[in-house]
Amino acid sequence: MIKKINLTLKIWRQKSNTSPGKFETYLTQGVDIDMSFLEMLDVVNEKLTKEGREPVAFDHDCREGICGTCGAVVNGQPHGPVRGTTLCQLHMRNFKDGETLVIEPWRASGFPINKDLSVDRSSFDRIMASGGFISVKTGQAPEAATTPIPKKAAELAMDAAQCIGCGACVAACPNGSAMLFVGAKVSHLNALPQGQPEKESRVLNMISQMDKEHFGNCSNAYECEAACPKEISVVHIAHMNKDYREVCNPFHQ
Amino acid sequence: MLEPKIPTGALKDKWTNHKFNEKLVNPANRRKYKIIVVGTGLAGASAAASLGEMGYHVESFCFQDSPRRAHSIAAQGGINAAKNYPNDGDDVRRLFYDTIKGGDFRSRESNVYRLAEVSNSIIDQCVAQGVPFAREYSGYLDNRSFGGAQVSRTFYARGQTGQQLLLGAYQALMKEVGRKNVVIHPRTEMLDLVVIDGVARGIIVRNLITGKIESHAADAVVLGTGGYGNVFYLSTNAKGSNVTAAWRAHKKGAFFANPCYTQIHPTCIPVHGDYQSKLTLMSESLRNDGRVWVPKKAKDPRPAHEIPEEERDYFLERKYPAFGNLVPRDIASRNAKEQCDAGRGVGDTGMAVYLDLKDSINSLGVEVIKERYGNLFDMYAKITGTDPYKTPMMIYPAVHYTMGGLWVDYNLMSNLPGLFVIGEANFSDHGANRLGASALMQGLADGYFVLPYTIANYLAQIKPDAKGILSRPEFKQAEGEVSEKIKKLLSIKGKTTVDEFHRKLGGLLWEKCGMARNEAGLKDALRQIPEIREQFWKDVCVLGSGEDFNQALERAGRVADFLEFGELMCLDALERRESCGGHFREEYQTPEGEALRRDDLFSYVAAWEFKGVGEAPVMHKEELKFEEVHLAQRSYK
């Protein structure tokens, strides 16, 4: 079995948000197929540094697929070609010897570029601050077993709550929409009894903030679900739309 | 001798009495006090959110691009609490005792008891926040037994409990951000602590995008900046996790306690190549349904499925019949190392043992196993390219958690007035070894239920003047020192990369100050570390500028601190001439090869005072007094 492959990398280089960017080509030889994609980039960066060239900036942290920091578009696909996988958990055995990989940052008006492959996702934090929570103060909570939650609702909430906030859904969407991200949080909290008191304000405020952050809307392309490393279903967008429609209904009490 | 300020009275009444005796800050005055919280993990986020709700002016800092990224997010297994929902005999006292015993009697009784006491409130709080804990079909919360516990006291959310708890705390934090009680500063790294007249009064930070150096003053500074496991280069910590904030506070006078206590986690995916950038933990909950084994014959070349039952050694079950595969982490790790050192390790490198879930898959069915561990199995398959449903997983120990940290008293305040330290960054609750599912418990206990009380007592005794103090020259001076250091790193323009230095330091520490330590090895490390450090400052290569987003520069600063910290870790390990928990000194073991504590000589916390780089630090002792528990040799047989 071949353990090493050679690749041609075309990586987006951009100094800052205000300067122009372009692709630069790097021939990368002897890539061990057991490496993760980010370890491959580490090796590229070590080589660049040795040559006196500035390394490629890319965001990463936990490298086990849970923190949501990493992400880049590889050959047009956010987080690369393998489904349900973050870039850090994508291993080089998924690529062929001699392949050319085009690597670029998330591209969306809601995510300005910091440098190279790193983008600013603070818009997601602002959306969360607008309503992505249950307003219980420390100390106010009743005994945990007071409210049993049907397993089905708990599981649905958990499915939605798995979102790691990486932004791949936005990068994949032809409209640059954040509706899978927002839908997942609305769906998580609105599915639970604890989330009911703020159900309406939550969906209204989060969608309003999403619009302010220049994210587009959903036109059912489902690219977000395909790109999501946690395979979060578009059904959560439907849940959110249902909650939104109910609040906006003129006959709503 | 250090004064831990433990309240008087019976153990079970200490916290209640203490809360009553503490001074309070009037709700109308709270807004006048400014509190800086560095770090947004479970401890930092829960503290910042809670203090914001109470009405203080809170500023929260993290180096990540969002508070939600903090490394608490990667905790998998669960969180302990003494709820006793399964009716199997748990209570606060038992959780307290298990934690003390698990920590090999090297933690402070009063802190641990308080931790057990507030554990139940954490679960209540998290459920109210909407944390989707696992539930039974009845709709009630599910519990499982976890790493070394004989009761089922662990709450979990699939294999991603840390993520769900952190998102709960993050959401609470963002709620306060939305209400303008808390201001967040993401991508902002703390590079120094400002101490004025012996009191912590602020921090110096670098904006990681613009490179700008800024001063922030406050009436109290809280560090929730995590552990130092990345000193080993390879660990299960996130790449960004570092000791910088804690270390710079240490250099400004905060004592560093028990740095030699590091936890090596038994169930990680083995190392596979030189380019390896980090190690991945597989939750030890897998040990609930998995059996650890190696072939009886050394260097057995056969694949696992060809080795018949009678030729397998289930060494944990054999040596520890009562606890079997669920022995505490330090014991499980050391036993795996022993097997591999004896040549019975498996896999390409021989540095792995099997963790076999076959029996559970056969008895419970694939579906149940999938529900319990699906995401862990997927992760394993992605990383290794093998299917754990078909072949047993291979595991090997890796650095995972650090019990040592900045010294704090009962109020979680360091020896520097005004500097509070919470979560993994402090040393307080886990002694020489942490039990599974207790890190999440401690982080949230400190942030939600301990610090908000104890910090009030401190603030009530000072006048708020965060604005006025900012003009003091100490801020400008600290800013200057930080800028100088950055300039120096950029000016060396050497030939060796930051990662090369980091790897070299990490390899040395893993070898000499890892799972087993001895005097000769530690002395050798203490000789080599200053050499590597000197080389670093002569030959490190950091390209680019200090005025923009420069990740190599960030790493260089952190590695420079690890190069100083590593020395203290080895010195602490050398001075502790006993074995306890995660600190195993080869010279001190029982005839059966178990850790041999020396309670008469080492029943103390070693808190180190910084005296200068390359200078011998001074050790201060806090005697550990055990009033409630009877010191015993840990036995899991």
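# Exercises on a predicted two-chain model

Of the 637 residues in chain B, 60% count as buried. The model is predicted, and the exercises below work through its chains step by step.

## Exercise 1. The overall build of chain B

Task: State how many helices and strands chain B has, and decide how its radius of gyration stands against the globule rule.

Solution. Begin with the secondary structure: chain B holds 18 helices and 21 strands. Next, take the radius of gyration, which is 24 Å, and set beside it the 26 Å that the globule rule gives for 637 residues. The two values are close, so chain B is as compact as a globular protein of that length. Along the principal axes, its C-alpha atoms fill a box of roughly 75 × 60 × 50 Å. Finally, consider the contacts in chain B with a separation of 6 or more: 74% of them join residues 24 or more positions apart.

## Exercise 2. The two domains of chain B

Task: Find which helix gives the largest share of the side of domain 1 of chain B that touches domain 2 of chain B.

Solution. First locate the domains: domain 1 of chain B covers 264-399 and domain 2 covers 473-623. Their centres, taken over C-alpha atoms, are separated by 31 Å. Six residues of domain 1 of chain B are in contact with five residues of domain 2 of chain B. On the domain 1 side, helix α9 (residues 329-341) of chain B supplies the largest share, four residues. By class, that side divides into two nonpolar, one polar and three charged residues.

## Exercise 3. The contact between the chains

Task: Determine which element of chain B gives the most residues to the side that touches chain A.

Solution. The contact takes 64 residues from chain B and 66 residues from chain A. Elements of chain B that give two or more residues include α2 (42-54), α5 (161-178) and α17 (551-575). Among the contributors, α5(B) gives the most, with nine residues. The side of chain B that touches chain A has 27 nonpolar, 23 polar and 14 charged residues.

## Exercise 4. A helix pair in chain A

Task: Are α5(A) and α6(A) roughly parallel or roughly antiparallel?

Solution. The axes of helix α5 (residues 179-190) of chain A and helix α6 (residues 199-212) of chain A come within 10 Å and cross at roughly 170°. Angles over 145 degrees count as roughly antiparallel, and therefore α5(A) is roughly antiparallel to α6(A). Residues that make the contact include A:V182 and A:L189 of α5(A), with A:V203 and A:M206 of α6(A). By class, this contact has seven nonpolar, one polar and three charged residues.

Note on methods:
Residues numbered from 1 in each chain as written. Chains lettered and ligands numbered in written order. Predicted model: local features only at pLDDT ≥ 70, side-chain atom pairs only at ≥ 80, totals over all residues. Contact = placed C-beta atoms within 7 Å. Nonpolar A, V, L, I, M, F, W, Y, C, P; charged D, E, K, R; others polar. Domains from an automatic or database assignment. Rg over C-alpha atoms; globule rule 2.2 N^0.38 Å. Buried ≥ 20, exposed ≤ 12 C-beta atoms within 10 Å, placed from the backbone. Axes fitted to C-alpha atoms, helices over the stretch in contact; angles between N-to-C directions. Parallel < 35°, antiparallel > 145°, perpendicular 65-115°, else oblique.
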